[in-house]
Amino acid sequence: MPETVQRGYCPTDERDFQKQLDTLEKAGNDVYYLINRGYPIKSATEFVGNHYLLSERQRLALARSISPETSILARKAKELPHLPEGSTVHIDGFNTIISLEIAFSGSTLLLCMDGTVRDLAGLRGTYRLIDKTDMAIRAVRGVLEEEKVGVAHFVLDAPVSNSGRLKAGIAEIMEDSPVQVDFSVIPDVDRYLYKQEAVVTGDAIILDHCKSWFNLVRRAIDREIGDYPYVQIVKPL
């Protein structure tokens with residue numbers, strides 16, 4: 001039996017986000033101002049974080065949720081409102097499943113300026129299946145079938161622990177789906193996805209490089225959960 005885990009839970013999040021959201025909004029607007037004038041996001045979040053005495057987790061939230069205006073507009077221009085019927089979609093497996101596990105755990109998720117949903121969990125080479133994993137996979141399946149996708153190509157990081165078990169879990173749940181499924185378990189997921197169309201990921205660098213993308217995680221959360229209590233530091237453009 002998979003372990004019962006509240007993926008992404010951090011006991012300080014209520015203090016860091018709900019109780020200090022006004023401060024975070026001010027800090028977020030400062031970071032946005034600086035990066036639009038050429039400051040690197042790391043330097044900007046460090047400078048602003050020191051000014052507002054922010055925690056490391058708050059600084060990470062700023063860095064993940066805020067992007068320069070030019071990047072946001074470029075990503076939005078490549079976003080697919082729907083997937084073409086019968087198309088092939090390339091799914092950043094761990095990125096997608098972990099974000100949905102966090103959603104089903106009720107933990108902190110960021111609604112970012114580019115409209116994507118990102119988390120604060122961090123993979124760092126280790127992953128284990130939990131009681132929310134099957135729920136996450138079924139949520140992905142629901143959107144893929146709703147969009148009448150032809151092929152779902154799940155791309156998994158070979159160096160990450162339990163990539164084989166996640167692959168097996170996805171294959172089992174998708175077995176009787178009209179959507180055909182295939183897999184790549186490779187060392188460098190990012191570089192592979194840079195070249196693809198109809199990419200599913202929340203990774204900002206991949207979104208900057210790929211040819212087109214689909215916001216599956218947000219669609220799945222809207223479909224399965226509804227009005228999620230996202231942390232929204234700076235409103236989307």
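Which helix does Tyr52 lie in?

## Tyr52 and its surroundings

Tyr52 belongs to helix α3, which covers residues 41-52. Keep in mind as you look around that this is a predicted model. With a relative accessibility of 23%, Tyr52 counts as partly exposed, because buried would require a value under 20%.

If we set aside residues up to four places away in sequence, Tyr52 touches Thr23, Lys26, Ala27 and Asp30. One of these partners, Ala27, is 25 residues from Tyr52 along the chain, and the C-alpha atoms of the two are separated by 7.0 Å.

## Helix α6 against helix α7

Next, let's turn to a pair of helices. Helix α6 spans residues 93-105 and helix α7 spans residues 133-146. Their axes come within 8 Å and cross at roughly 115°, so α6 is roughly perpendicular to α7. The crossing in which α6 passes α7 is right-handed.

Which residues make this contact? On the α6 side they are Thr96, Ile97, Leu100, Glu101 and Phe104. From α7 come Thr133, Met135, Ala136, Ile137, Ala139 and Val140. Sorted by character, the residues of the contact of α6 with α7 are 8 nonpolar, 2 polar and 1 charged.

## Helix α6 against helix α11

Helix α6 also packs with helix α11, residues 216-224. Here the angle is about 30° and the axes are 10 Å apart, which means that α6 is roughly parallel to α11. As α6 passes α11, the crossing is right-handed.

In this contact, α6 contributes Thr96, Ser99, Leu100, Ala103 and Phe104. They meet Leu216, Val217, Ala220, Ile221 and Glu224 of α11. The residues of the contact of α6 with α11 comprise 7 nonpolar, 2 polar and 1 charged. If you are following side chains on screen, Thr96, Leu100 and Phe104 of α6 are worth finding: they are among the residues in contact with α7, and they also take part in the contact with α11.

## Arg141 in helix α7

Back in helix α7, you will find Arg141. Is this residue buried or exposed? Its relative accessibility is 16%, so Arg141 counts as buried; the limit for that label is under 20%.

And what does Arg141 touch? Leaving out residues up to four places away in sequence, its contacts are Ile173, Met174, Asp176 and Ser177.

## Asn162 in a loop

Asn162 sits in the loop between β4 (151-157) and α8 (163-173). This residue is partly exposed, with a relative accessible area of 28%. Apart from neighbours within four places in sequence, Asn162 is in contact with Tyr127, Arg128 and Leu129.

For a sense of distance across the model, take Asn162 and Val89. These two are 73 residues apart in sequence, and their C-alpha atoms are 23 Å apart in space.

## The cysteines

How many disulfides does the structure hold? The count is 0. Cys10 is in no disulfide, and the nearest cysteine sulfur to its own, that of Cys112, is 17 Å away. Cys112 is likewise in no disulfide; for this residue the nearest cysteine sulfur belongs to Cys210, 15 Å away. For comparison, a disulfide calls for a pair of cysteine sulfur atoms within 2.5 Å.

As for its surroundings, Cys112 has 0% relative accessibility, so it counts as buried.

Technical notes. Residues are numbered from 1 along each chain as its sequence is written. This is a predicted model: local features need pLDDT of at least 70, side-chain atom pairs count only at pLDDT 80 or more; totals for chains, interfaces and linings use all residues. Side-chain values use heavy atoms; hydrogens and water are left out. Buried means under 20% relative accessible area, exposed over 50%, partly exposed in between (1.4 Å probe, protein chains only). Axes are lines fitted to C-alpha atoms, for helices over the stretch in contact, and angles run from 0 to 180 degrees between N-to-C directions. Helices (H or I, at least four residues) and strands (E, at least two) are DSSP runs, numbered from the N terminus. Angles under 35 degrees count as roughly parallel, over 145 as roughly antiparallel, 65 to 115 as roughly perpendicular and the rest as oblique. A crossing is left-handed if the near helix is turned anticlockwise from the far one by less than a right angle, and right-handed if clockwise. Contact means heavy atoms within 4.5 Å. Ala, Val, Leu, Ile, Met, Phe, Trp, Tyr, Cys and Pro count as nonpolar, Asp, Glu, Lys and Arg as charged, and the others, Gly among them, as polar.
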